[in-house]
Amino acid sequence: MKVILIRYSEIHLKGNNRGFFENALVNNIKHCLEGYEYKFSKQSGRYVISQFDEDQAQNILDIVKNVFGVYSVSLADEVPSNYDDIKESALAIAPQSGTFKIVCNRADKHFPLNSMQLASSIGGDLLEANNKLTVDLHKPQHVVNIDIRENGKTFVFADTIKGVNGMPVGTGGKGMLLLSGGIDSPVAAYMMAKRGMSVRAVHFHSYPFTSLQAKEKVLTLAKIVKKYTLHMTVDVVSFTEIQTAIHENCPEEFMITIMRRFMMRIAERLAKKYGCGATITGESLGQVASQTLESITSTNSVATMPVLRPLIGFDKDEIIEIAKRIDTFETSILPYEDCCTIFLPKNPVTKPRLDKVEKVESALDVEALVNQALENVETIVL
Ligand code: ATP
Ligand code: MG
């Protein structure tokens, strides 16, 4: 019978909280496997999925290895703990050529051979069956694992496939992502989900200055991000009136700085409403004029909760590499305008002084504009 072995990572370390982390991991794996039939069990510090449709094995492996908190997965044969069955399985999964070694683990001390004896005996069987194989105990190209368990069953498996690691989503608090249509913010969501954070999102759009396709693009991104965050709700906030008010009342070089402050205020209000303890942005230091330390200072000064910026020290290249890997890149580069690109000043201030920003902004009724924007939020559960 084929089974899938799931090993988990850092959550080992969590001492008393271990149950909390393990429950989250199990729930998340089951959530991702919705629609599949299988049996799930826990055996000596790892999880075992069995009784699934073997044609679906590859799909299940692909899904499970991408759940945060999963260290590695293997497709294994589960056979009765007797020599002939173990041998047959080892022969079936052994490589066709190259170097190998057998790694045995014997939890069942009643098994007649000890680990060393079994490894050398099965190794001998493989060599006899295929003369293109040689043993290399130090740097083998392939490993055949034999794990004799206490319940009379043995797992035999070849590859161990690396999982994504990280922490189970739901164990790291809740964050409100400021999600644009760009490359960075979806990656920021991924990074925080990888550390166990539950993420929801807020998007600011400026219809009719920006198109409905621009909003659709963001929802498409949010759907892709949901593969990692497991749940995703997007609060779509109309930014048109705020942008117009800034445009009409403030010097144009402060446009972006003041917009950012409004975004942060509104994002925080929504964050509090939905029980989030932090906001998340895709900012990276120095990437553009609005991401200098001075610009970040002026946005940050309206924040009362932590603003998490997981990409702050990343190069654009590095961010793009992750965006490609998590499948958001192709959508992010679709050519729809962001609300930030309309009314773009020719010469934005790159080092806004906070006192100056506050003075310029005092031309606006900030509280009224924020409240007005919050009255018309479209909440989309994906
Ligand atoms: P991104 O690729 O994430 O759009 P960017 O490099 O284009 O980032 P900015 O446009 O300066 O950088 O945006 C910085 C951050 O501000 C974004 O990562 C995002 O978190 C937030 N942000 C920008 N525009 C919006 C928007 N329209 N709605 C929600 N958040 C936004
Ligand atoms: Mg952007």
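This is a short dialogue on reading cysteines, pockets and one helix residue in a predicted model.

Q: How many disulfides does the structure hold?
A: A disulfide is a covalent bond between the sulfur atoms of two cysteines. Here the number is zero.

Q: Is C250 buried or exposed?
A: Start from relative accessibility: under 20% means buried. C250 has 9%, so C250 counts as buried.

Q: And C276, buried or exposed?
A: Apply the cut-off again. C276 counts as buried because its relative accessibility is 6%.

Q: Now the pockets. How much space lies in the largest pocket?
A: About 870 Å³.

Q: Which residues lie nearest the centre of the largest pocket?
A: A lining is read as a list of residues around the space. For the largest pocket that list has 41 residues. S180, G182, R260, D338 and C340 lie nearest the centre.

Q: Which elements give two or more residues to that lining?
A: One strand and three helices do: β11 (198-205), then α5 (184-194), α6 (212-229) and α8 (255-273).

Q: How does the lining of the largest pocket divide by class?
A: Sort the residues by side-chain class. In the largest pocket, 19 are nonpolar, 15 are polar and seven are charged.

Q: What volume does the second largest pocket have?
A: About 220 Å³.

Q: Which residues line the second largest pocket?
A: Read them along the chain. F100, K101 and I102 are among them. So are M116, A119, S120, G123, G124 and L127. V135 and L137 also belong to this lining.

Q: Which element gives the most to that lining?
A: Helix α4, with six residues. Both α4 (115-129) and β5 (98-106) supply at least two residues each.

Q: What classes make up the lining of the second largest pocket?
A: Seven residues are nonpolar, three are polar and one is charged.

Q: Let us take a single residue. Where does A193 lie?
A: A193 lies in helix α5. Helix α5 is also one of the elements that give two or more residues to the lining of the largest pocket.

Q: Is A193 buried or exposed?
A: Go back to relative accessibility. A193 has 0%, so A193 counts as buried.

Q: Which residues does A193 touch?
A: Leave out residues up to four places away in sequence. A193 then touches F68, M167, V169, V199, Y228 and T229.

Q: How far apart are A193 and V169?
A: Give both distances. In sequence, A193 and V169 are 24 residues apart. In space, they are 5.8 Å apart, C-alpha to C-alpha.

Methods: Residues numbered from 1 in each chain as written. Chains lettered and ligands numbered in written order. Predicted model: local features only at pLDDT ≥ 70, side-chain atom pairs only at ≥ 80, totals over all residues. Heavy atoms only, no water. Disulfide = S-S within 2.5 Å. Buried < 20%, exposed > 50% of the residue type's maximum accessible area, 1.4 Å probe, protein only. 1 Å grid on protein atoms, 1.4 Å probe; cavity = no way out; pocket = protein on both sides within 12 Å on 5 of 7 lines; lining within 4 Å. Points joined across faces, edges and corners; volume = space filled by probe spheres on them. Helix = DSSP H or I, 4+ residues; strand = E, 2+ residues; numbered from the N terminus. Nonpolar A, V, L, I, M, F, W, Y, C, P; charged D, E, K, R; others polar. Contact = heavy atoms within 4.5 Å.
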